[in-house]
Structures are given as C-alpha cells and as structure tokens.
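Biologist: I would like to learn how to read a model like this one, feature by feature. Where should we begin?

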Amino acid sequence: MQFHHHGYVTGDPRILPAAGVGIDRPSDLPDEIDVLIVGAGPAGVLLAAQLAMYPSLTVRLVERRGGRLAIGQADGIQARSNETFQAFGFAERIIAEAFQLTACNFWGPDPADPSRIIRNKRLEDDPTGISEFPHMIVNQARVLDYFTEFAANAPGRLVPDYGWSFVGLTVAEEGEFPVAVTLRRSVGESEGEERTVHAKYVVGCDGARSAVRDAIGGKLQGEQSFHAWGVMDALTVTDFPDIRTKCAIQSGSEGSILLIPREGGFLYRMYIDLGEVAENDHGEVRKTTLDQMIAKANRILSPYTLDVRNVAWHSVYEVGHRVTEKFDDVPAELTGIRSPRVFIAGDACHTHSAKAGQGMNVSMQDGFNLGWKLGQVLEGRSRASLLDTYSAERQVIAQNLIDFDREWSSMLAKKPEEFASPEELTDFYTATFEFPAGFMTQYTPSILTGEPTFQALATGFPIGKRFKSARTIRVADANPVHLGHHHRADGRWRMYVLADAPAAGEPSETAALAEWLRTADDSPVTLFTPEGADLDAVFDVKVVYQQRYEDVELGQVPALFLPRVGPFGLIDYEKVYAVDPQRGDFFEERGIDRSGCVVIVRPDQYVAHILPLTARDEITDFFGANMTVQRSEHAGLG
C-alpha cells in the first residue's frame with residue numbers, strides 16, 4: 001500500500017483525501033446527477049465504490065431500505081471475487097472473518113441399506129491452485145459493508161442515500177442530463193413524498209424484480225425448472241460428522257441436501273430438496289413451513305439427526321433460469337447508432353439458483369465491468385461508444401452462467417438411480433470447478449480485447465481472461481510480491497513490460513520501448529495522459545526483469561519505471577520487479593517467451609492484449625480505439 005506521496009499521513013491510509021464532489025458533499029440529493037445507481041446490492045455498491053474514485057463526477061446511490069442490510073441471502077465468495085476485493089483494498093480483512101472452503105464431500109445411499117447415507121468421496125475444493133485466494137463463505141451484508149466503507153473513504157466520499165424507492169424514468173432525445181427519474185421516499189416522516197432528478201446515466205441494480213428493467217422494457221427470458229428448495233441458516237446440535245465441510249448429500253428416496261458451512265464456526269446453510277413442483281401449484285410449495293423443512297432434512301440425513309436450536313433466516317424458492325436480452329436501453333438493431341443511457345446489472349439481468357454460489361459473484365463483476373467505463377466516458381477519456389461493450393460483454397457471461405447453473409441444479413436434483421454412474425456428480429464437479437471459481441470468463445476480440453496473434457509470447461495470460469497473478473521480487477526492497485496485487489480499482493490501465501534477456505542498463509528492446517512510451521509524441525502515455533498529470537496517472541507501467549533482484553541496478557532502470565509522482569515529485573519505487581527463484585521463476589510459471597512482451601490489462605483486471613516489445617504502432621492503435629487524445633497539440637489524432 002502506497003501513501004505519504006502527497007505529504008505525511010498520520011491517520012488511516014485507507015481514507016483518501018477528499019476531492020472534487022467529495023469536498024463538502026451535500027447530504028440531499030442534487031437535481032442533476034452524472035450517474036444515479038438504483039439499489040445497494042452487490043452490483044450497486046461495487047459500482048459506487050469504483051465511481052467514488054472519480055471525484056469530478058456527481059454519483060448517487062439510492063436504496064429503498066432505511067439502512068444497511070443486516071442479513072444477506074447470498075454468502076458464497078469465489079476466488080475471483082477475492083481478487084476483486086484485493087483491488088478495493090479489503091481482501092485480507094474479509095478473508096480473516098470468512099469461512100474458507102477447502103474440500104467438498106459427497107454422500108449417497110448405502111448400497112447395503114439405501115435408507116441410510118454414507119460418505120462416498122472427498123474432493124479438494126481447488127485441486128489445481130487456480131488462484132492464490134480462497135473460496136470462502138461470508139454474509140453478503142459484510143461484503144456490502146466493505147464496499148460501502150471504501151466508497152465513503154474514496155475521494156468522492158460516496159455514501160448511500162437510504163430510504164428512496166425508484167418509481168420510473170423517461171429518457172429524452174437531447175440534453176446534458178436526459179434521464180428524468182422519479183423517486184419516492186420509502187421511510188421516515190416524509191414517506192410517500194416524490195421528487196424528480198435528472199441524470200446523464202442510470203444503472204438499475206435493483207434485483208430480480210427490477211423496476212428499472214421494467215422501465216426500459218427489458219424482460220427476463222428463460223424457464224422455470226418446477227423444482228423447489230428450502231434454504232435455512234441454522235445453528236444445530238447434530239451427529240452428522242461433516243457438518244463443517246461443504247457436502248453434496250443424496251439420499252435413497254428422500255431427495256438431496258447441499259450443505260454449506262458458514263463463517264463463525266457454528267452456523268451453516270442447508271439447501272433442502274423439496275421435490276418436483278406441479279405447473280398448477282400456484283406457489284403452494286412456498287408455504288412449506290420451517291418445521292417441515294427440518295423434518296425433510298432429518299429424513300435425508302438418516303441415520304444422522306439434526307436438533308435445530310436456532311434459525312437466523314429461511315426461505316423456499318423455485319429454481320428459475322432467466323436472462324435479459326440486453327443489459328442497456330438500446331434495442332439490438334440500434335446498437336452503435338444510439339448511445340445507452342440506462343443500464344441494468346446483477347439480478348436485474350440474470351436469475352438462477354443459489355446452489356452454484358454465483359449470484360453475488362457475477363453481479364459484482366457486472367458492476368466492475370461497467371464502473372470504470374462510465375468513469376472513462378464521463379471524464380472525457382473515452383468516447384461514449386465504449387459503453388456499448390458493457391452489454392456485449394456481460395450478457396454472454398450471464399447466459400453462460402444460466403447454462404451452467406441449469407446443469408448443476410438438475411444434477412443435484414437427480415435421484416440416485418437416474419445417474420449413469422455413481423461418480424457422475426463428482427466427475428461433473430471436478431471437470432467444471434473453474435467455472436464456479438469465476439475464471440471461465442473470457443472476453444472476445446473488440447475495442448477492449450485484442451486478437452490472440454501474439455498469445456504464444458505469454459501463454460499463461462490468456463487474452464480476454466483475468467490476469468492471473470504470480471510472485472515476483474520487488475527490486476527496491478527485496479520484498480516478494482504478487483504482481484497482480486498492486487492492481488487497484490483506480491480506473492488505470494496496466495502495462496506489464498516483461499523484459500527481454502539483457503539486464504537493466506544494457507541495450508535492449510525493453511529500454512527502447514520504455515524510452516518511446518515516456519517521450520515519443522505518438523506513444524499512448526503521451527497521447528492519452530492529461531496535461532499536467534503524473535506520468536502514471538492513466539497507465540501504470542511496471543517491468544519484470546529476467547534477472548534476480550540483486551542483479552538489477554535501479555540506477556540503470558529506465559525512467560518510465562521510476563516515475564516522479566505527487567506534488568513533491570517523489571520517485572515511485574514499486575514498479576520494478578525481478579524473478580523470485582525461491583518461489584518459482586515468473587517467466588516459466590506464466591509461459592513468457594524469453595524475447596519478452598507487453599501484457600496490457602484493463603482496469604477491471606482482464607488481459608486486454610499481448611504484444612511484442614517492438615510493437616509501437618500496435619500499442620498506440622489499440623488504445624486509440626478505446627480512448628481519446630488528451631493533449632491539445634495532438635487533438636486531431638483521435
């Protein structure tokens with residue numbers, strides 16, 4: 001964590017200096033807003049946290065509840081989400097209070113007595129080490145708390161406006177603030193009072209029954225599985241031996257249970273199979289009582305018993321798999337012709353079962369994808385066409401989620417005799433674990449994602465997938481550092497220059513590229529960094545040398561990698577790295593060609609492009625496709 005570059009910090013360094021709209025932020029909703037976020041769920045709070053890093057923007061988050069969420073219905077946190085938490089600076093804190101899932105046990109009917117269950121198999125949760133971060137369980141409310149804290153401590157000082165319900169909106173064809181939004185007070189003395197605000201952009205993060213989605217004519221499309229599940233967060237006394245291990249439990253004739261231990265050492269969540277639901281049920285299954293759910297759980301767990309002492313929360317739901325066709329207000333036939341003004345994210349776009357643990361995780365990635373794009377456009381760093389990529393990228397991911405969840409849910413609902421083999425469920429779990437871990441997302445070529453022409457230069461960083469970190473050693477202080485852990489949610493692009501063989505100070509393509517990036521009139525650093533801003537204000541450029549750290553002399557490192565920052569022009573020493581042979585050679589671990597390359601990473605941590613160290617025009621052309629020139633002397637170039 002870096003601080004002191006603007007002066008000595010005596011307090012909590014996570015509280016950044018207020019700037020722009022964060023200085024004397026008004027408590028009342030303004031009449032004109034750059035971005036209005038509706039709904040303080042996972043997508044909404046992450047989006048707010050990201051936009052709070054753009055203090056020139058007026059951003060407000062309205063929520064119909066009167067205050068913070070106390071008990072969340074989601075609890076599964078995948079490793080990809082923890083990588084995201086790292087970018088917002090709270091991964092270590094939330095991991096410390098969470099329950100970490102390291103194994104999944106599978107139970108089935110005893111062949112000798114099908115009325116009893118026995119353990120069939122134990123599996124590691126992440127057998128390949130796909131991430132350095134854990135798969136874990138924590139109350140959704142705590143996730144919201146951490147993002148809300150980040151937004152409040154960011155330069156924009158963004159805090160939720162609780163007690164406002166969304167009523168409706170209209171979008172004008174012209175005007176600086178074309179979206180007129182009607183809001184209604186939902187709590188307090190002025191409950192029922194309405195007012196209208198005008199926004200440049202509106203984002204509906206208001207759940208599966210999204211009023212924002214309805215206002216733009218969006219419809220969830222898909223099907224219902226006609227299978228019901230009861231879910232409860234419970235404290236029990238039980239003789240079931242795996243109560244603190246994630247379990248998929250299938251009985252001989254009573255159905256199945258998905259058991260998820262919760263944080264705190266005592267609590268757990270159970271998804272209890274309530275069986276098939278008739279098409280003409282008309283919601284009767286939702287009247288299943290807690291006592292009936294507990295009785296069903298005991299029958300499934302036989303010969304073991306549950307003595308339920310306390311239930312914090314319970315519900316009954318029917319599985320539905322639905323996704324909207326577009327995630328913005330522009331009809332498909334007008335995409336690229338008309339710019340979107342209203343977006344939807346999270347459950348407003350996609351609904352599915354809870355058993356794959358994907359709802360909150362995918363929703364947060366929706367918010368991360370959209371947040372920096374809105375910031376770029378509103379600050380004039382990119383053209384409005386950048387916003388077309390949100391729906392284009394995230395709708396495909398949502399459809400993939402729906403397809404996966406449909407298959408996983410149907411597997412859990414099968415009866416033992418319906419499986420082709422006893423290993424079918426465990427084989428499916430093992431074969432597909434990368435998807436629920438959050439790492440199957442791969443964006444296709446676009447203005448934000450390059451063609452894989454030079455993928456062979458860095459096979460461990462697939463273009464379009466998230467940047468998979470690896471350990472290096474920081475040269476200035478000999479600290480072992482995961483390279484990706486410096487990737488903050490600050491809206492900056494990352495360029496990782498993975499050096500060719502010569503050492504620092506020797507003639508090399510690395511040195512030539514660094515000089516061009518820093519000084520050339522046609523380099524992206526020159527073209528797209530605002531006048532007067534720090535050298536690394538838009539592009540955070542780091543270098544990893546092939547040598548050991550003691551063989552890299554900082555005095556020989558190009559100035560690009562030791563930029564002067566802040567009002568005092570201090571040197572940033574945290575951009576120069578070397579291999580850490582004690583923990584594995586970075587170049588070998590990530591399949592980096594010894595001729596070197598440039599790995600370009602988007603602000604939301606996805607690999608955007610891989611190019612040779614000599615690819616001057618290609619680097620500038622790539623950024624020119626999604627950014628606008630900031631220097632007046634070059635204004636005609638982009």
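## Reading the model

Modeller: Arg157 is a place to begin: its relative accessibility is 22%, so Arg157 counts as partly exposed. Keep in mind that the whole model is predicted.

Biologist: Where does Arg157 lie, and what is the sign of its phi?

Modeller: Arg157 sits in the loop between α4 (140-153) and β8 (161-162). Its phi is positive, about 50°, although Arg157 is not a glycine. His4 is another non-glycine residue with a positive phi, about 80°. His4 belongs to the segment before β1 (32-38), and with a relative accessible area of 34% His4 is partly exposed.

Biologist: Backbone angles also include omega. Which peptide bond is cis, and where is its proline?

Modeller: The bond from Ser302 to Pro303 is cis, and its omega is near 20°. Pro303 lies in the loop between α6 (290-301) and β16 (306-324).

Biologist: Now burial. Is Thr441 buried or exposed, and why?

Modeller: The cut-off for buried is under 20% relative accessible area. Thr441 has 12% relative accessibility and therefore counts as buried. Thr441 is found in the loop between α9 (424-431) and β19 (471-474).

Biologist: What is Thr441 in contact with, apart from its neighbours within four places in sequence?

Modeller: With those neighbours set aside, Thr441 touches Arg394, Ile397, Gly464, Lys465 and Tyr606. As for separation, Thr441 and Thr288 are 153 residues apart in sequence, and their C-alpha atoms are 37 Å apart in space.

Biologist: How does Asp585 read by the same steps?

Modeller: Asp585 has 18% relative accessibility, so Asp585 counts as buried. Asp585 is located in the loop between β25 (576-579) and α12 (586-589). Beyond its neighbours within four places in sequence, Asp585 is in contact with Val579, Asp580 and Arg594.

Biologist: For a helix, I would want to know which side is covered. Which residues of α9 are buried?

Modeller: In α9 the buried residues are Leu425, Thr426, Phe428 and Tyr429. Viewed down the axis of α9, they fall within an arc of 160°, so they line one face of the helix. The cover over the buried residues of α9 includes β5 (103-110), β6 (113-124), β13 (246-250) and α8 (388-413).

Biologist: And which residues are buried in α13?

Modeller: Helix α13 spans residues 616-624, and Arg616, Ile619, Thr620, Phe622 and Phe623 are buried there. Their arc around the axis is only 160°, which puts them on the same side of α13. On the face turned away from that buried side are the exposed residues Asp617 and Asp621.

Biologist: What do the buried residues of α13 pack against?

Modeller: They pack against the strands β21 (493-498), β22 (539-548), β26 (597-601) and β27 (607-611), and against the helices α10 (509-519) and α11 (524-528).

Biologist: How do I read the cysteines?

Modeller: A disulfide is a covalent bond joining the sulfur atoms of two cysteines. Searching the whole structure gives zero disulfides. Cys205 is in none, and the nearest cysteine sulfur, that of Cys349, is 8.1 Å away. The cut-off for a disulfide is sulfur atoms within 2.5 Å. Cys205 counts as buried because its relative accessibility is 9%. Cys597 has 0% relative accessibility, so Cys597 counts as buried.

Biologist: Last, empty space. How many cavities of 30 Å³ or more are found?

Modeller: The search of the whole structure finds three cavities of 30 Å³ or more. The largest cavity has a volume of about 110 Å³. Its lining consists of Arg80, Glu83, Gln86, Ala87, Glu132, Phe133, Phe467, Ser469, Gly484, His485, His487 and Gln605. By class, the lining of the largest cavity has three nonpolar, six polar and three charged residues.

Biologist: What is the volume of the second largest cavity, and which residues line it?

Modeller: The volume of the second largest cavity is about 50 Å³. Among the residues lining the second largest cavity are Asp500, Pro502, Glu506, Tyr545, Gln556 and Pro558. The lining of the second largest cavity divides into six nonpolar, four polar and two charged residues.

Technical notes. Residues numbered from 1 in each chain as written. Predicted model: local features only at pLDDT ≥ 70, side-chain atom pairs only at ≥ 80, totals over all residues. Heavy atoms only, no water. Helix = DSSP H or I, 4+ residues; strand = E, 2+ residues; numbered from the N terminus. Buried < 20%, exposed > 50% of the residue type's maximum accessible area, 1.4 Å probe, protein only. Contact = heavy atoms within 4.5 Å. Arc of directions from axis to C-beta. 1 Å grid on protein atoms, 1.4 Å probe; cavity = no way out; pocket = protein on both sides within 12 Å on 5 of 7 lines; lining within 4 Å. Points joined across faces, edges and corners; volume = space filled by probe spheres on them. Nonpolar A, V, L, I, M, F, W, Y, C, P; charged D, E, K, R; others polar.
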